Amino acid sequence: MENYTVDEYALCTRFKSNRRKKRLVKKDFDKQLIQLRNLEVELWNKRRNLPLVPLEVPYQKGWQRNFKLRDDVARSAEAEFYKELLIKINTWQFSPEKSFKRKKKRKSRHVYVEKIQTVKEFSEWEWKSPKLELTEKEKVHFYKRERWCSNFKRYKVHYVFNEPWRYVLRVSPYMITHTRMVDSDLESEIQVVENYIVNQNLRNKINKLVDGFSRSWSYYDYENPKEKNPIKNMSLHALYQQYADEMIENHGK
């Protein structure tokens, strides 16, 4: 009888090799992580779909800004057409200040400039999508424009509304009139899943499995920058020197 190695014998039989066993274990663990992500998304959707409860006393939370028909356009014969179009291309901005200004650095100093707001523009992909809600008559009022995209380092095509003067900005208080109902059992389930992912440090691995790459969202940044560990990233020599200085100072007192 010829002599076979363990791996060669495993290939000729139904026994799994050590390498295959490790691969199957890893594959099974990856499947569990994907199921965990699906469970997390399902719980989030359940929380998002909880009914709204009206508040006894509504309160204002900053300001909102959107577009409305200009007065002379609202009195014209085409008012209904532009009103329907506005529903599809209107945009909203929210700000704690009524001036809608943001801080910007210019020549080593900070100044406040007004936020730019325009009606919705459509990318080339959105324009060709069958889900686009614009009618053929409405599409006539848009023109094709190429704009440099610093993120992709190339020019990208946008379809821009050619009569923005028909709409003017309107600023109004942003009132909170409803709050989302809270389900204690659901919140407990979400917290259990979240604690497991955070404690096992699985967030980046799950993102890589589901999305194809790992990313760090501010939503998942659980470390409060005001509560950072003061000795984090300090060398042993620096820690010892700090300890020695504190001991000398205490003995001096």
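Me: Let me start with one residue I picked in the structure above. Where does K27 lie?

Reply: K27 lies in helix 2, which covers residues 18-48. Please keep in mind, as we go on, that this is a predicted model.

Me: Which residues form the positive surface patch?

Reply: R19, R20, R23, K27 and K31 form it. Your K27 is one of them.

Me: There is a nonpolar surface patch as well. Which residues make it, and about how many Å² does it have?

Reply: That patch is made by I34, L209 and V210, and its area is about 200 Å². I34 has its place in helix 2.

Me: Is I34 buried, partly exposed or exposed?

Reply: To decide, you look at relative accessible area: under 20% is buried, over 50% is exposed, and anything in between is partly exposed. I34 has 36%, so I34 is partly exposed.

Me: Now for salt bridges. How do I recognise one, and how many does the structure hold?

Reply: Look for a side-chain nitrogen of Lys or Arg within 4 Å of a carboxyl oxygen of Asp or Glu. The structure holds 12 salt bridges. One of them joins the side chains of R65 and E114, with 3.2 Å from N to O. This pair links distant parts of the chain, 49 residues apart: R65 sits in strand 1 (residues 52-69) and E114 in strand 4 (residues 109-114).

Me: Why does R65 count as buried?

Reply: R65 counts as buried because its relative accessibility is 3%. Its partner E114 is at 49%, so E114 counts as partly exposed.

Me: What does R147 form a salt bridge with?

Reply: With E121, and their closest N and O atoms are 3.1 Å apart. R147 belongs to strand 6 (residues 142-149), while E121 is in the loop between strand 4 and strand 5 (122-123), so the pair ties together parts that are 26 residues apart in sequence. R147 is partly exposed, with a relative accessible area of 27%, and E121 is partly exposed too, with 24%.

Me: And how far apart are the closest N and O atoms of E136 and K139?

Reply: They are 3.9 Å apart, and E136 and K139 form a salt bridge. Both belong to helix 6 (residues 136-139), and because they are three residues apart there, about one helical turn separates them. E136 is exposed at 60%, whereas K139 is partly exposed at 21%.

Me: Which residues are linked with K26 in a network of salt bridges?

Reply: D30 and K205 are linked with K26 in that network. K205 is found in helix 8, and at 33% relative accessibility K205 counts as partly exposed. There is another nice thing to look at here: K205 and L33 are 172 residues apart in sequence, yet 8.4 Å apart in space from C-alpha to C-alpha.

Me: Let's move to strands. In what sense do strand 3 and strand 4 pair, and over how many bridges?

Reply: Strand 3 (residues 101-106) and strand 4 pair in the antiparallel sense over six bridges. For a look at one position, K104 stands opposite V111 in strand 4. The two strands form a hairpin with two residues between them, where K107 takes a positive phi near 50°.

Me: What sign does phi have in most residues?

Reply: Most residues other than glycine have a negative phi. So a positive phi in a residue other than glycine is worth spotting. In F100, phi is near 55°. F100 is in the loop between strand 2 (93-95) and strand 3, and F100 is buried, with a relative accessible area of 0%. N201 also has a positive phi near 55°. N201 is in the loop between helix 7 (184-199) and helix 8 (203-211), and at 63% relative accessibility N201 counts as exposed.

Me: One last feature. What order do the strands of the open sheet have?

Reply: The order is 5-7-6, in an open sheet of three strands with antiparallel pairing. Strand 5 and strand 6 are the edge strands, as each pairs on one side only. Strand 5 and strand 7 (residues 154-161) pair over two bridges, and the bridge partner of S123 in strand 7 is H158.

Terms used: Residues numbered from 1 in each chain as written. Predicted model: local features only at pLDDT ≥ 70, side-chain atom pairs only at ≥ 80, totals over all residues. Heavy atoms only, no water. Helix = DSSP H or I, 4+ residues; strand = E, 2+ residues; numbered from the N terminus. Buried < 20%, exposed > 50% of the residue type's maximum accessible area, 1.4 Å probe, protein only. Patch = residues over 30% accessible without salt bridge, like charges linked within 9 Å, V, L, I, M, F, W, Y side chains within 5 Å. Areas by Shrake-Rupley, 256 points an atom, 1.4 Å probe, with all protein chains shown as cover. Lys, Arg positive; Asp, Glu negative; His and termini not counted. Charge placed at Lys NZ, Arg CZ, Asp CG, Glu CD. Pairing = 2+ DSSP bridges.
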